[in-house]
Structure formats: structure tokens, C-alpha cells
Amino acid sequence: MASQQRLSPGELLDENGVLRQAGYATSLVRRYSRSAIRGGSLRIKEWDYYCITGGDVVLALTIADNSYMSLDSVSLINLKTGFQHTWSAMGVMSLGRRGLPASSAKGDVAVEKPAYALRFENDGKTRHLTVRVDHFCNGKPLTARVTLTGAPAESMVIATPFPQKKTAFYYNQKINCLRAEGDIAFDGSTYLFDPETATAVLDWGRGVWTYCNTWYWASASGYVDGVPFGLNLGYGFGDCSAATENMLFYNGRAHKLEDVDFGIPHTPDGRDDYLRPWRITGSGGRVDLTFTPILDRASRTSVLVIESDQHQVFGHFSGTVTLDDGTALAVSSLTGFAEKVKNRW
């Protein structure tokens, strides 16, 4: 693809609610304001999603305000035993009242209900995530406390327009390689996140989406020869001619990639075969990875005009990636996920 456009500092939207600039950055240089949106109050979508990985245990947390509906979600996955369960609660007509912060740099969001509570606190240096779900699975409660520190100097930021609608856009930041420490209590067991090995990614999303979209996203964080390393790969929606969201992260610095392909295998009748190895390649040979699946966190929802078909596949990445300066890194059994999601929402 052509040279990718880097975002300059300034307001995200103009007076007509249209993106002032499309492209990528390594920090939130453009300022997001919900009040500047002109794409329709029911089309605004805002969410904070954290995925914490430590050994064989994965904890995923979501607080979302999608205007006509809200979503709170907690997933617990054990890659060794194959256990997986996702608990979710939906509401109607939240319309921004959840007060998700306009920046990932600082700010809190909390949901307190009689049967559950989710709290994401961020003082600008440390993130505290607390969870209580009284009836998480088979009537058994789950609680969790996780502290995230060590946010790297650079992250993936992208401003993406949608060609179908001028006032539609997606402003997204992915912060890889956060250091995680904490515990989960469920069903008589306590799972610990060791800050020497456990990592997390934040998916911070704000925007106005069109109705029907399919996206591909892969994320992993860990260490290569003792140095913090992560990857963010994705494509499939919006107009990415100005820039893609593909990046590598090594020792706190971002390394920009161009296009990638997930190479999802297929069954003999042409359906996606998510649990066979994927071959992820692209960016002129700078990405050559095999993704070996362990578990497919599959979910299909259809409620009135909302339909979602999700396959978030957890497994290990192995292969070779190349940094901006030409340094080749050997990646071996890096735990993460790769997903394909189709939404009508």
C-alpha cells in the first residue's frame, strides 16, 4: 500500500462531525469529544475492553456504552483445562450516561448493580480493575482484582473513516504489554497473575459505526528473550487507505506494519476452520507467523436488529517478525488471540 499517513495533533472531528484526518499514531494525539459527533446519537459506540493473560488463565472484561444498548461482560478462560465461560448483562438506551472517559490517559468508569459490579479506575499511572459477579457460572460467584502498570511509551492509535457515511468513524487505541498483577476467585480456586509474566491489552474504542461490519483482530503480549514484546494485527472494516492498525511493539516502542492476512484455513465445504493452524503473513514479508489455536470462544447473538457472530480464538503465535530497522525477531509460543467478528449493530 502507499505510504501510511501519521496523525497530527488536534481535534478529532470538524464542525460537521467528520474526521479531520485519517491515519495512525502512537499516542492519542487527536482529541475525542462525544459532543462533537453528528452521526446520530443512537449510532455512537464507546467501550473499554481489557484482556489479561497469565500462564493458562485469561480474564477479559468489557464495559460498553453503545447508545441504544449497554454491555457489561466478564470472560474466564483456562487454556489448560479447556474451561471457558462468558457472563454478560445488557441494558437499553444508555445514550452516553455511563460516562466513559474521552481519553484513555486518565479517568474512571464503574457499573454497580445488585448482582454484579465492574470498576475500571485509572489515575494516569496505575489501572485498578475490580470485578464482582454473584452468579457467574452455575450459580457460583466470581471476584477479581487486577492492577495494571508499566504502560509503554507507544501504542497503536488509528482514526478510520467509513466510506458509506461521512460522519461515521472509529477512533481506536490498543495498549499492549501492560504488566498485570492480581487474582481471580472462582469455584473454590484462586488464580494469580504474576507481574513478572502476566500481561494485558487495553482495547479503547470510540466512534460511530455503520450497521454491518466484519473485522479481524489479533493481539498478543509477552516477552522475547526477556524484552517486552507485543503485536496488534487487524483489518476488515472502514477505509484503511490512509493507514492500517498493524504494529509490533518491542521494548516500549512501536514498529509500523502495512497489510496482513490471517490465512484462516477452511473446511472442505468452504467454511472457516478456526481450530486448525492459521498462517498470518504480510507487510512485505515482515510478518510470518503460525497461530496454533487452543480454544475458540465462540458466541452468536441475534436479538431483533442486532446480530453478532464472534470467534475469538486463543492460542500461541510462533514464527518471525521484522522491526522497522530490519531486525528479525524469533517469536516462540507467544500466548494471545486472533478473532473474526461479524456484526449487524
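These legends walk through close-up views of the cavities in a predicted model.

**View 1. Two cavities turn up in the whole structure.** Rolling a probe the size of a water molecule over the atoms is a handy way to see where empty space is left. Here, searching the whole structure turns up two cavities of 30 Å³ or more. The largest holds about 100 Å³ of space, and the second largest has a volume of about 90 Å³.

**View 2. Here is the lining of the largest cavity.** To find your way around, look for Cys51 and Thr53, then for Thr199, Ala200 and Val201, which are among the lining residues. Ser219, Ala220 and Ser221 also belong to the lining, as do Phe314, Thr335, Gly336 and Phe337. By class, this lining has six nonpolar and six polar residues, with no charged ones.

**View 3. Four strands each give at least two residues to the largest cavity's lining.** They are strand E4 (44-54), strand E15 (199-208), strand E16 (212-224) and strand E24 (328-344).

**View 4. Now for the second largest cavity, with its 15 lining residues.** Nearest its centre you'll find Asp48, Tyr50, Gly107, Asn122 and Arg127. Charged residues do appear in this lining: there are five of them, along with six nonpolar and four polar residues.

**View 5. Which strands each supply at least two residues of the second largest cavity's lining?** They are E4, strand E9 (116-122) and E15. E9 gives the largest share, with three residues. You've met E4 and E15 already, since they also each supply at least two residues to the lining of the largest cavity.

Conventions:
Residues numbered from 1 in each chain as written. Predicted model: local features only at pLDDT ≥ 70, side-chain atom pairs only at ≥ 80, totals over all residues. Heavy atoms only, no water. 1 Å grid on protein atoms, 1.4 Å probe; cavity = no way out; pocket = protein on both sides within 12 Å on 5 of 7 lines; lining within 4 Å. Points joined across faces, edges and corners; volume = space filled by probe spheres on them. Nonpolar A, V, L, I, M, F, W, Y, C, P; charged D, E, K, R; others polar.
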